[in-house]
Amino acid sequence: MTSTTTSTCPMPSGQVPEPPAAANTTAPTDPAGRARAVATASAGVTQTADPAALGLRENNTFDRTTMAAIRHAAQTGLYDIRGGGAKRKLPHFDDLLFLGASMSRYPLEGYRERCDTDVVIGARHAKKPLHLKTPVTIAGMSFGSLSGQAKEALGRGASEVGTSTTTGDGGMTEEERGHSETLVYQYLPSRYGMNPKHLRMADAIEVVLGQGAKPGGGGMLLGQKITERVAAMRTLPIGIDQRSACRHPDWTGPDDLRIKITELREITDWEKPIYVKIGASRPYYDVALAIKAGADAIVLDGMQGGTAATQEVFIEHVGIPTLAAIPPAVDALQEAGLHRQVQLIVSGGIRSGADVAKALALGADAVSIGTAALIALGDNDPALENEYRKIGSAAGYYDDWQAGQDPAGITTQDPELSKRLDPVAAGHRLANLLRVMTMEAQIIARACGKAHLLHLEPEDLVALTIEAAAMTRRPLAGTNWIPGLAGAYGGPGA
Amino acid sequence: MGTLAIGKSTRVDLSINSVRELNQALHQAEAGSAWEVTHPNGQHAIAVGLTLPLTVRIEGHVGYFAAGMNEQATVEITGNAGVGVAENMMSGRVHVAGSASQSAGATAHGGLLVIDGDAAARCGISMKGVDIVVGGNVGHMSAFMAQAGALVVCGDAGDGLGDSIYEAHLYVRGAVGALGADCVEKDMRPEHVEELARLLAAAGRAENPAEFRRYGSARQLYNFHVDNAFAY
């Protein structure tokens, strides 16, 4: 964790972590934390042998990462701000498995039989719903947090495969509108750069109520990233920390939201689909209220969703995992009789076609990727290992997106750094990832006998862990036992 | 839509026509045209998203977000206005002859909002360049996180005025309940007297600028520092 200004909650700067390969099995996974631990230990202590080889045992509650954080708080009075999503191990899509077809289900021929992937979003009220070729979309990420080159690359990659990108806090840029065939405009609490002209230029509008990494929290774009251009877009002075509000300034509660959505529709002559984005915390109630407010689509962002910068304590301790959020959201849609009519777009830790297929099988209509898209552009690329070391991090660990020093030129406003990113090549890499994720989802869908990705269903899934079984209400693999549900199938597990 | 031409104005009766029909007509109107809207009856989203130099006179009370996101148009409301009147206005002028509910002029980037009566809580919240002149009082947390522009209050201001303010200018003639975090009283220099006089004149008001006090940001909280943790 590094920071070069005194503006916020900096971790010690200039400390270079040990190479990840040198870490022993009990070492903290956070290189900055390890750097702090080493720096503390090195004051008068010679490190020689592996502590475990000496019979020493690390405390699980107070492991070295935790102890380093405590020391840092005690020494500085500061907490950690970082980007990215939750690092703790959470129940996730890996805890589900597809059953595939054998006798009771009939598979489709891989590579030969058709499995469609297109999805229509926002047909409930909008005159011009979105028609996407793949249900994998690009999540909202702000200009300010990302460089102009990164926004251009996202637009190029998404457009190459016929899907949508999304703006973020701070407004719409020429880079993303110019290179995004289908662009969703985020309408955020801060209203930084909010221009009705951009509402009309967008293909859909996403009213953001929350984010998976920090439900209930606002944002903080630190001063070191507030260049002249970012400051002008947000009507704020250069170099100051910019707080993004946690709630909208001109409405409170779902009844007001309904009126706000009507206003947005009136301003855009009812052409654009209106999404409502929520951070996963109480998805059943939030989705039910979003439906009542008139949303055309709902974006549900789970705890593994990333952020440009917020308090670590928020990222790791507020919200619920994506896996746990989907079933109650689908319940709300089904109870309203609007499942598949009000689309559910799930985000938060989507990494592969398997994740896509599992989210769809649980009831989502589409997914959004953020962190995976940044990795495709070149974030944390091992080729930049030396560059990451220079700023006190390591490839694969870098999450100081708030610091503006990104060697990959993605999470920065430094013109020298951002021009390192070739938006054409990076966009093509993203397009490749999107194609692969779509094809992987098709492979699974065919194996389950589905001619369209949206035909995947909960019955195609079983759970690998009791936790996942309870959260998704799918039976534990090899059983018909669903924790918490008695007699679901009338079998021995009832 | 059944409209009625009155001289050079077009009249729309919202007891007959829908708000959708009105807004569609205003979005397709000729620049410079004049409109009269009758029987608004507190309906929401009236005359929103206008982009041309139109003149729209609304006879009566309006609901939420009237004249929201206005660009270039002059909108006159003869009654009271609900939540978020002229929210995110970019340019033009909105004049409320009565009073306004909360969040008047929220996040507005430009133009002039005049409220002859009182404005409720959070008037000018997150204002980003708009000028707002209120003839009466404003409620609590007005100009919360105000970024740019000017708020003129000819009456009193409630608690938390200018909380977490950035660069907006606040002028209050009456009493202030309490100032919010990082908001302080500042000197009235000649350029501020000049700005205030211009805004009062533009709003058609006769108050003496010398009777006002100015408030603005102390700029102590622009960058987070742990020693200020209890100031928020």
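In this predicted model, P249(A) touches residues of both chains: P189(A) and R191(A), together with S103(B), A106(B), T107(B), R122(B) and I125(B), leaving aside residues up to four places away in sequence. P249(A) sits in the loop between strand 10 (242-244) and helix 7 of chain A. Its relative accessible area is 3%, so P249(A) is buried, the limit being under 20%. L97(A) lies elsewhere: the C-alpha atoms of P249(A) and L97(A) are 44 Å apart in space, and the two residues are 152 apart in sequence.

The interface between the chains was examined next. In total, 42 residues of chain A are in contact with 39 residues of chain B. On the side of chain A, the most area is lost to chain B by R243(A), P249(A) and E266(A), which together account for 19% of what that side buries. The two chains bury about 3,300 Å² between them. Of this area, 56% is on carbon and sulfur atoms.

Polar and charged pairs also cross the interface. The count of residue pairs in polar contact between chain A and chain B is 17, with both residues at pLDDT 80 or more. Two helices of chain A, helix 5 (196-201) and helix 7 (253-267), are the elements that give two or more residues to the side touching chain B. Helix 7 supplies the largest share, 7 residues. By residue class, the side of chain A that touches chain B holds 17 nonpolar, 11 polar and 14 charged residues. Salt bridges across the interface of chain A and chain B number 5. In one salt bridge, the side chain of D269(A) meets that of R20(B) at 2.7 Å, N to O.

Chain A itself has 494 residues, and 56% of them are buried. Its secondary structure comprises 16 helices and 16 strands. Contacts over long stretches of sequence are frequent in the count: of the contacts in chain A between residues at least 6 apart, 67% join residues at least 24 apart.

Strand 15 (residues 366-369) of chain A illustrates the packing. In a regular strand, side chains alternate between the two faces of the sheet. Both faces of strand 15 of chain A are covered. A366(A) and S368(A) are buried on one side, and V367(A) and I369(A) are buried on the other. Strand 15 of chain A pairs in the parallel sense with strand 5 (residues 136-138) of chain A, over 3 bridges. Within that pairing, V367(A) is the bridge partner of V136(A). Strand 14 (residues 343-347) of chain A also pairs with strand 15 of chain A in the parallel sense, again over 3 bridges. Here V346(A) has V367(A) as its bridge partner. V367(A) is thus bridged to V136(A) and to V346(A).

Salt bridges were then surveyed over the whole structure. Side chains of opposite charge can pair when their charged atoms come close. The search finds 43 salt bridges over all chains. One of them joins R473(A) and D331(A), with the closest N and O atoms 2.9 Å apart. This pair links distant parts of the chain, 142 residues apart. R473(A) is in the segment after helix 16 (466-472) of chain A, whereas D331(A) is in helix 10 (residues 322-335) of chain A. R473(A) is partly exposed, with a relative accessible area of 30%. Elsewhere in chain A, a network of salt bridges links R82(A), K87(A), E312(A), E316(A) and D399(A).

Chain B provides further examples. A salt bridge joins the side chains of E167(B) and R219(B), at 2.9 Å, N to O. E167(B) is in the loop between strand 9 (148-153) and strand 10 (169-172) of chain B, and R219(B) is in the segment after strand 12 (213-217) of chain B, so the pair ties together parts 52 residues apart in sequence. Both residues are partly exposed: the relative accessible area is 27% for E167(B) and 44% for R219(B).

The side chains of E211(B) and R173(B) meet in another salt bridge, at 2.6 Å, N to O. E211(B) belongs to the loop between helix 2 (190-202) and strand 12 of chain B. R173(B) belongs to the loop between strand 10 and strand 11 (183-186) of chain B. The pair therefore links distant parts of the chain, 38 residues apart. E211(B) is partly exposed, at 38% relative accessible area. R173(B) also counts as partly exposed, at 35%.

Terms used: Residues numbered from 1 in each chain as written. Chains lettered and ligands numbered in written order. Predicted model: local features only at pLDDT ≥ 70, side-chain atom pairs only at ≥ 80, totals over all residues. Heavy atoms only, no water. Contact = heavy atoms within 4.5 Å. Buried area = accessible area lost by both parts, 1.4 Å probe. Salt bridge = Lys/Arg side-chain N within 4 Å of Asp/Glu carboxyl O. Polar contact = N/O pair within 3.5 Å; in protein donor to acceptor, adjacent residues only side chain to side chain. Helix = DSSP H or I, 4+ residues; strand = E, 2+ residues; numbered from the N terminus. Nonpolar A, V, L, I, M, F, W, Y, C, P; charged D, E, K, R; others polar. Buried < 20%, exposed > 50% of the residue type's maximum accessible area, 1.4 Å probe, protein only. Pairing = 2+ DSSP bridges.
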